[in-house]
Amino acid sequence: IEVSSNLKLSQNISKTWADNLLQASYASNLHLERMLASLNVAYSLLEKGESIKASKAKQNIISTLALELLDKLLQQTSLEKDKLRILKMSSKWVDKSLRVLDINEQGSRAFKLADQNKSVLLFQATKSEAAYKLGNLPDSLVRSDKKMHKKQAILQAKLVEKRPKTEKDSLRNELNKVNQNIDDFLTMLKKDYPKYYQLKHQRLTTKVEDIQALLDDKTVLIEYLISDSSIHVFKVDKNEVLWHSQALDKEELNRNIKSLHQALSDYELIIKDKKKAYSNYTEKAHWFYQNLLEAVLKETEGIKNLVIVTDGALGHLPFETFLVEPAPEAFINYSQLHYLIKDYTISYNYSATLWKENKEAPSAQNNGQILGLAANYKIHLDSSMMNVRLPTDQWIRARLIPLPAARKEVEALQEIYQGFFAFDSLASEKTVKTKAADFAVLHFAAHGILNRKRPILSSLAFTEDNDSIESNFLQTHEISKMELKADLVVLSACETGYGKFETGNGIASLARSFMYAGAPSLIVSLWQVNDNATAEIMKNLYANLAAGMNKDEALRQAKLQYLKSADRFAVHPAFWSSFIMMGKTQSVSIKTKADMPWGILGGLALLTVGLGGLVIMKRRKKE
């Protein structure tokens, strides 16, 4: 069907017409994509015809149809790279849809559209376990499904590593076979287990009413959507949806994000040029409050909690540092500035739909203890094992500097809390894989390696124990296939929440891989962190958690406690604001040694991950 050449735009576009095209039988995905291209032409032609009101009504029908066709295309696609391409197309149609909606009357519709394209693949992954159970899928098929997808992820990771051409050709052939097996398996499931197939592949979008029902009187959800020329901000509380939109060039926004992130992470400038560091930070921090929050918060009263759903590179910023009031031009003590954190407790989520699902999910059944590992990089690979490790892995490990504070962090917490604490060769990838499923909190003291170009290869580097199977680089694809029951994963140190933004699927980071594995809550960092500040904040964080505070409030209070006690340049937000809390905010029960019968050993550990660029970031900054 060639919409561009045969459709009489003034007459034929209607709900009935759209329903017919949606139900039509398309010979292949290529035909579906051709239809989408035709719809794009029709949408553009309408901008040049009829009255504005009539054109917008028809454009709304076209964009709604396009999104439903893309949803159909997504359900028929198995490869992640193809899904991401479809989600990118879908995002463009969401933008087209928002352009023709009434900002005063259709806020709920706009909010639903803005959210439906957020973290789609992550949401589908989190629904897998429920689909297995509710779809009555036999255990044997569940195991087959998991096995095939795990093998697919491993092969995809191996293909982006540096390997000989002949080996890569062999891997591609093997991956093609696995992909075909997955496609055949899906075809069988669709026919024999339609209930499971529908549960697993449905594109669930949450109604605004469902979100509002879960919000209390003191909490609002604020969601962002960035297009090339504007930014949309949605504020949802128990009673209304406020949609604010303003013209803002995407490139300008990204430059400002980069500038504020740089101002928050440039320790050298903070120490050497106090005046310039102050100006760089305060100017951008107030700009972001004015442009991203002021319009939706100025009439808000009695609100104490903000649930933030970011978009694009906004996920690289801690909103806690936004300045509610402009800072004096002359330098003052940073503790006196009006940070947003002084007014609100803030948590972050990948989408409103995930927030709802996460909030409604029952608490995990775990042992109430903490798994803590402190990696030791002074233990080296035996010469006899050199041929087992990839040359790239050996090169990276040779450059991993020792983390002397890591062991002290784990030992300090071990004195107070129950858990399993691993040091030296026991702090290995094998230990994580065999024990992580049982614990309430995971907290690792190790380096992290952030691969900016190939996020699938980002990893946590544990102690080299000369294992012949595990490389002791726990990569993101491996983390995502784990089955965790933890209430909280703490990734404190360098850039654990930082990564490449994937349209329709959020920021590809180590943090996100833990959510794929089932972790409902994470505490992560957005740049290199300071040793002393981290130790102080983590100590207070765990004390607050043990006292029964919600996770977001526990982190907020730990930061505020630090602000009161720090002095000189260490009060700069670079030292205390790197950590953000993502996901489910409900409190976590942590067993202390005081809870144990006399004579039983227990403990605790911190999880500290130092992330870097393609290779390794420097160890946490010193004051």
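Me: What makes a residue of helix H10 count as buried in this predicted model, and which residues of H10 are buried?

Reply: Buried means a relative accessible area under 20%, with exposed reserved for values over 50% and partly exposed for those in between. In this predicted model, the buried residues of H10 are Leu141, Val142, Asp145, Met148, Gln152, Ala153, Leu155, Ala157 and Leu159.

Me: How do you know what span is expected of helix H10, residues 139–160?

Reply: The expected span is 1.5 Å times one less than the number of residues, and for the 22 residues of H10 that comes to 32 Å. The distance from the first C-alpha of H10 to its last is 32 Å, close to the expected value.

Me: Why is Asp228 called exposed or buried?

Reply: Asp228 has a relative accessible area of 54%, and because exposed means over 50%, Asp228 is called exposed. Asp228 is found in the loop between strand S1 (219–226) and strand S2 (230–236), and together with Asp249, Glu251 and Glu252 it forms a negative surface patch.

Me: What makes the contact between Asp169 and Arg172 a salt bridge?

Reply: The closest N and O atoms of Asp169 and Arg172 are 3.1 Å apart, and the cut-off is within 4 Å, so the pair is called a salt bridge. Both residues lie in helix H11 (residues 165–192), three residues apart, which is about one turn of the helix. In an α-helix there are 3.6 residues a turn, so residues three or four places apart point the same way. Asp169, at 29%, and Arg172, at 41%, both fall between 20% and 50% and are therefore partly exposed.

Me: Why are Glu360 and Lys356 placed in which classes of accessibility, buried, partly exposed or exposed?

Reply: Lys356 is buried because its relative accessible area of 11% is under 20%, whereas Glu360, at 45%, is partly exposed. Their side chains meet in a salt bridge of 2.9 Å, N to O, and, being four residues apart in helix H17 (residues 352–360), the two are separated by about one helical turn.

Me: What makes Lys433 and Glu478 a pair that ties together separate parts of the sequence?

Reply: Their closest N and O atoms are 2.8 Å apart, forming a salt bridge. Lys433 lies in helix H20 (residues 429–435) and Glu478 in helix H21 (residues 476–480), so the pair ties together parts that are 45 residues apart in sequence. Lys433 is partly exposed at 32%, while Glu478 is buried at 18%. Salt bridges that share partners join Glu429, Lys433, Glu470 and Glu478 into one network.

Methods:
Residues are numbered from 1 along each chain as its sequence is written. This is a predicted model: local features need pLDDT of at least 70, side-chain atom pairs count only at pLDDT 80 or more; totals for chains, interfaces and linings use all residues. Side-chain values use heavy atoms; hydrogens and water are left out. Buried means under 20% relative accessible area, exposed over 50%, partly exposed in between (1.4 Å probe, protein chains only). Patches are made of residues with over 30% relative accessible area and no salt bridge: like charges are joined within 9 Å, nonpolar side chains (Val, Leu, Ile, Met, Phe, Trp, Tyr) within 5 Å. Accessible areas come from the Shrake-Rupley method with a 1.4 Å probe; for residues, only the protein chains shown count as cover. Lys and Arg count as positive and Asp and Glu as negative; His and the chain ends are not counted. The place of a charge is taken as NZ of Lys, CZ of Arg, CG of Asp or CD of Glu.
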